[in-house]
Amino acid sequence: MNALRGWIKRRVLARVAAHNDARRAQLGQQRGLSPAHWDASVADGRLVIGGCDTVSLARQFGTPLYVVDAARLRRDCQAFVGAFRARYPHVELGYSYKTNPLPGALRVLHEAGALAEVISHYELWLALDLGVAPRDIIFNGPAKTAEAIDLAVSRGVRLINVDGLDEVEAVAAAAQRHGVVQPVGVRVVTSVGWQAQFGLRLHNGEAREAFERIRAWPQLHPCALHVHLGTGIKDIPLYLQAIREMLEFARALQRDTGIAIRCFDFGGGFGVPTVQPLDAWDARLGLNGHPTRPVEVDKAPRIEQYAESICALVRQYYPEASLPTLAFEPGRAVSSSAQSLLLQVLAVKHGRDGITRVILNGGKNYT
């Protein structure tokens, strides 16, 4: 029985692999995605990024080595925010520090006009150390320490989005201690996207309670709603569902309490065309010596499509004269296509099962 099951499994995987190979041939991906997706090229068998020979870079700096194309990074940042600003007058982009905290890359992004979106004491310190003005820092995250909150409030960061009810009192105490009024928002959980350890739910009254608590403190200025739905999302209707729920909540909040939301922070998580999350089939294929699915680059919506849909929806709720600010916190959507990781092959192991395993100094891959 076990032998039969093994035979069936191999047959199924072989058919799936054959289907993937045929699709890969249709897409012209027999040798992987074209380096042109990253503005890279191949010369004399070597990958060239931003005019630099990557083999020479690896020899000079060692591996593992992140290589970031500054020109591509700057262009992608401007293209993202430009797509929204072409359709809406008040848009801010705060780059997600957790995506790539390399100071050199962050400097390029800030020079291009990006704010800093930070989620930890270290990231907050790093933004300040890089010379980012506090008014250009948004502080998020579910695990803010008392020391980090105190630093953020004392320096006067643009916005603190509270992630739990207990944070309201912590931010208020810091604001009272430093004699300031701190702008705050609430990270909310909608009916779609991440549901676990982040934010306060809209549907059960948690988010409303947070605003009631904030309103009780004269040291706090409630002015924002924040959401982050996940990562690698290539589904415009998913974003629109969450945003519609936030807009409806904001309308009811102002009607019932007088609190006006002047900033909607819609987070990030926008899927990158060249990045495809591995699923269970990919894992099975890899473990049995087959390549994973081909990457369907054209299936990812363009950022202009997101911008068109999101801006049109917000305009349905606000007249032109009182449009709120829209903030976004992209990570990969801005930096993924500008960065590469150079690794060294440490060993090639030819298994008795017919699978060749390539061991790298940054991980392991199957061929």
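These questions and answers go through a predicted model, taking two polar residues, a small sheet and the nonpolar cores in turn.

Me: Is Asp163 buried or exposed?
Reply: Asp163 sits in the loop that runs between strand E8 (159-162) and helix H7 (165-178). The cut-off for buried is under 20% relative accessible area. Asp163 has a relative accessible area of 7%, so this loop residue counts as buried.

Me: Which backbone nitrogen lies 2.8 Å from a polar atom of the side chain of Asp163?
Reply: Leaving out residues up to four places away in sequence, Asp163 touches Gly141, Pro142, Lys144, Arg187, Gln197, Phe198, Gly199 and Leu200. One of these supplies the backbone nitrogen at 2.8 Å from a polar atom of the Asp163 side chain, and that residue is Gly199.

Me: What is the relative accessible area of Asn161, and is Asn161 buried or exposed?
Reply: Asn161 is part of strand E8. Beyond residues up to four places away in sequence, Asn161 touches residues including Phe139, Glu167, Val186 and His226. Under 20% is the limit for buried. Asn161 therefore counts as buried, with a relative accessible area of 1%.

Me: Which side chain has a polar contact of 3.4 Å with the side chain of Asn161?
Reply: The side chain of Asn161 makes a polar contact of 2.8 Å with that of Asn140, which does not fit the distance asked for. The polar contact of 3.4 Å runs from the Asn161 side chain to that of Asp265.

Me: Which strands stand at the edges of the sheet E1-E2-E3?
Reply: This open sheet has three strands in the order E1-E2-E3, and the pairing is antiparallel. An edge strand has a single partner, so one of its sides has no neighbour in the sheet. The strands placed this way are E1 (40-43) and E3 (52-53).

Me: Which residue in E3 stands opposite Val48?
Reply: Strand E2 covers residues 46-49 and runs antiparallel to E3, with two bridges joining them. Opposite Val48, the residue in E3 is Asp53.

Me: Which helix gives the largest share of the largest nonpolar core?
Reply: The core has 83 residues, of which Phe84, Phe264 and Phe266 touch the most other members. Apart from neighbours within four places in sequence, Phe266 is in contact with residues including Tyr239, Ile243 and Met246. The largest share of the core is ten residues, and they come from helix H9 (residues 236-257).

Me: How many residues are in the second, separate core?
Reply: Among its members are Ile138, Leu159, Cys223 and Ala327. The count for this second core is seven residues.

Conventions: Residues are numbered from 1 along each chain as its sequence is written. This is a predicted model: local features need pLDDT of at least 70, side-chain atom pairs count only at pLDDT 80 or more; totals for chains, interfaces and linings use all residues. Side-chain values use heavy atoms; hydrogens and water are left out. Helices (H or I, at least four residues) and strands (E, at least two) are DSSP runs, numbered from the N terminus. Buried means under 20% relative accessible area, exposed over 50%, partly exposed in between (1.4 Å probe, protein chains only). A polar contact is a pair of N or O atoms within 3.5 Å; within protein, one must be able to donate a hydrogen and the other to accept it, and residues adjacent in sequence count only if both atoms are side-chain atoms. Contact means heavy atoms within 4.5 Å. Two strands pair if DSSP finds at least two bridges between them. A nonpolar core is a set of buried Ala, Val, Leu, Ile, Met, Phe, Trp, Tyr and Cys residues joined through side-chain atoms within 4.5 Å.
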